[in-house]
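Open the model in your viewer and keep the sequence panel in sight. We will go from stop to stop, selecting a few residues each time.

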Amino acid sequence: MKFTYGWLQQHLDTDATLDTILGALNAIGLEVEGVENPGEKLAAFRVARVLSAERHPQADKLQVLSVDAGDGPLQVVCGAPNARAGLVGVFGMPGATVPANGMVLKVAAIRGVESNGMMCSTRELELGEDHEGIIELPDDAPVGTPFPAYAGLDDPVIDVSVTPNRQDCMGVRGIARDLAAAGYGTLKPLAVPVVAGEGDGPDVQVEDEAGCPAFYAQAVRGLTNGESPDWMRKRLNAIGQKPISTLVDITNYVMFDLGRPLHVYDLAKLNGGLVARTAQPGESVGALNGKTYTLAGGETVIADDAAVHDIGGIMGGEHSGVSETTTDVLIECAYFTPEAIARTGQKLALTSDARTRFERGVDPAFLDQGLAIATHYVLQLCGGTASGVTKAGSPPVAPRTITHQPERVATLGGLDVAEDRQRDILERLGFTVGDGWQVTVPSWRRDIDGTADLVEEVIRIEGLDKVPSTPLDRPAGVAVPTATAEQKLERRIRRAAAARGLAEAITWSFIAEDEAAPFGGGAWEVVNPIANDMRIMRPSLLPGLLSAAGRNLKRGQSSVKLFEIGRRYLADAERMTLGIVFAGERSPRGWRGGRAQGFDAFDAKGELLALLEAAGAPVGNLQVMEAPGDVYHPGQSATLRLGPKTVLASFGVLHPTLARAFDLPAGTVAAELYLDALPAKRGGGAMRGAYAPPALQAVTRDFAFVVADGVTGDQLVRAVRGADKAAIVDARLFDVFAGAGVEPGHKSLAIEVTLQPGAKSFTDAELKAVSDKIVAAATKIGGNLRA
């Protein structure tokens, strides 16, 4: 919500400085997001008069001007067609920066003639789009005056963040009311004019009482729609609203000034009366943003006998909008149900300033006053004759009364506030405090629902900074741990992943439907998504990580190693999961390794094994099995399992089709570790047993077996490890060979076996017996000891 300091003072009688007002806004819960003084960038520009204009000796389209900016004549070369002697305009001195293009003005020769600055156009100063000539000011404009001061552009623009529950602060007057309640001035009375209408009011009706309970309207005929007055255009420009015409500017001004959205129809473009009704399926409306919206049915619309002209409370129709030729108008001041506005806006993915206010809830008791103020502006600025007022339907204005408990300000809010002070704060905010602390809620405070809300209002205005910091009572002794086993597991794995050089990412739980499709599709869909491409609850963590990896690569990162711990949302439950993505270069090019090396599936496998070990999983018992599905590259992916059914993790090179879909390079590696599938720790003491290293040195023996190509290294290692569980403590694959000396269709796998003696060293006979068991175990899976 933007407004200027001067605009605020139209409602608030205050002598507080700008800095004081900014501090007060933050203190009462209206966070200041920024302050900008539009006059600062124009501080070096002055009002100047052209004393003479002569033809440039070297260019037909240029003139040599003598310009007085208050310090005597200066020579300026100008190409504007309207430059002439006697013209008063805006002059940029040498050293000034032109806002439109950032050019710093300096003394320079243009076609051989020295020029000391520049006479400026509207576009160059970012005050409009006109670039046909230089700015022309009134003849009596004071020469030498800084242009921002003359034009009223030195009024600071304040931008505040209004929380969704504070619908009353979506207008300047509501913000002024809060500041007045906090003691930073006095709220000025709102002048509501009495408009004497002639004849009957326009024909309007309400059929959709659920979506539009009240529709008030008044017509004005015989008006002239031109340019709005300078003061109104300056305020709208200051907050980023482009002035369009007097009628449109009036509706925008009243909306930002008083928080009351309005709409104006050109009566000549309507066929019959207007009715607020629900849309029929397939009806369409061309909106003021130039887009056509097809309605599904059930949306609240404003229509005449021929067509839909307004998406009720969100955006008007282009066909019935006003123009410079408009002479007769119908002014709409309606109340739309917030819930209906929110549903329609989400369904159509359509936002507007009007929707922002209606879906928060505008003041239902302000229809008469809002319509009178708007009609008065139209009559005052456009002329014409007003009709009577038509009131269709009735707004929900039933009074709401809450019993306030003053003592709860201390017990709930933590601050002692005298009862007289509490009453004063509530009354300043517009509440009516009756006997027995029966508090009537003002019509513009839809968010107030109970005693706790009243406590919040008192504390907010009194000052949250006054609430003392009081430590909670702490019981004696050592605090009892509260983290669950699952939380502790997440912490261990998160720390382990970070310690291994992976960067943690936090991505959205909502993804697009096409992103979820390769992972089996989403089982759950968000009814009211924050965006159309964020409707599906993710079935995997990989889509978000893949998108994040792509963004990093596009921004110049050569190597991306990301992980995330979060939930997958499956049909049966939410599953806690760790996702990993490696993209780009594993190692950069260098004199030792030559070209840069990319990642492969074994990088992901290594990370998974390390993290599983950190989690306490029985890594030695894991089996490597094929990874089903279309996510990974066939032959370059696998799963880690405890038995054939318990899948702990999947990993591999991303399928080329999926990599292209996420605009990632070929060879991108991904993995998922399913934390909910990890076996629970067996019960036992909290203390870890003392470390007792073996008394005797371990013995290693190497074996090479020729096996068929279909036998995996994991199968052989597991077979060897199980040959003698008492003596064999480890076995690992260290070489794979296929070629000369090995028959086609076979390969040689070399295994290093570690044997650990117990009470005494192995004898030669014992070592031979273990070796025979190893050879026998390998023979069972088709392996032959290589000579």
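## First stop: two hairpins in a row

Select residues 632-654 to begin: in the hairpin of β34 and β35, which has 3 residues between the strands, glycine 643 takes a positive phi near 85°. Strand labels here follow DSSP runs numbered from the N terminus, with helices being H or I runs of at least four residues and strands E runs of at least two. β34 and strand β35 (residues 646-654) run antiparallel and are joined by 7 bridges; two strands count as paired if DSSP finds at least two bridges between them. Look across the ladder and you will find leucine 642 opposite threonine 646 in β35.

Before moving on, a word on the model. It is a predicted one, in which local features need pLDDT of at least 70 and side-chain atom pairs count only at pLDDT 80 or more, while totals for chains, interfaces and linings use all residues. Residues are numbered from 1 along each chain as its sequence is written, and side-chain values use heavy atoms, with hydrogens and water left out.

Now extend the selection back to residue 623. Strand β33 (residues 623-625) pairs with β34 (residues 632-642) in the antiparallel sense over 3 bridges, and valine 624 stands opposite leucine 640 in β34. These two strands also form a hairpin, with 6 residues between them. Glycine 629 in that turn has a positive phi of about 105°.

## Second stop: a mostly covered strand

Select β30, residues 559-569. Of its 11 residues, 8 are buried, where buried means under 20% relative accessible area, exposed means over 50%, and partly exposed lies in between (1.4 Å probe, protein chains only). Add β31 (residues 574-587): 11 bridges join this strand to β30, and the two run antiparallel. One pair to pick out is valine 560 opposite alanine 583 in β31. The hairpin of β30 and β31 has 4 residues between its strands.

Which way does strand β27 (residues 503-504) run beside β30, parallel or antiparallel? The 2 bridges between them are parallel, and glutamate 504 stands opposite phenylalanine 563 in β30.

## Third stop: an open sheet

Show β37, β38, β39 and β40 together. They make an open sheet of 4 strands in the order β38-β39-β37-β40, with antiparallel pairing. β38 (728-737) and β40 (784-785) stand at the edges, each with a single partner strand, so one side of each is left without a neighbour in the sheet. Inside the sheet, β37 (residues 699-708) and β39 (residues 746-755) pair over 10 bridges. To see one of the pairings, select alanine 708, whose bridge partner in β39 is histidine 746.

## Fourth stop: two residues with positive phi

Most residues other than glycine have a negative phi, and most peptide bonds are trans. Go to arginine 111, which is not a glycine yet has a positive phi of about 55°. Arginine 111 sits in the loop between β8 (107-110) and β9 (113-116). Its relative accessible area is 52%, so arginine 111 counts as exposed.

Then jump to tryptophan 437, in the loop between β25 (432-433) and β26 (438-441). Phi of tryptophan 437 is also positive, near 55°. Is tryptophan 437 buried or exposed? With a relative accessible area of 12%, tryptophan 437 is buried.

## Fifth stop: two buried residues and their contacts

Select valine 301 in strand β19 (residues 300-303). Because its relative accessibility is 0%, valine 301 counts as buried. Leaving aside residues up to four places away in sequence, valine 301 touches several others, among them Val275, Ala279, Leu295 and Val308; contact means heavy atoms within 4.5 Å.

Next is threonine 337, in the loop between β22 (328-335) and α7 (338-348). Threonine 337 is buried at 16% relative accessible area. With the same sequence neighbours set aside, threonine 337 touches Ala210, Gly211, Cys212 and Pro213.

## Last stop: the whole protein

Zoom out to finish. The protein has 19 helices and 40 strands, and 46% of its 787 residues count as buried. Along the principal axes, the C-alpha atoms fill a box of roughly 120 × 85 × 60 Å.
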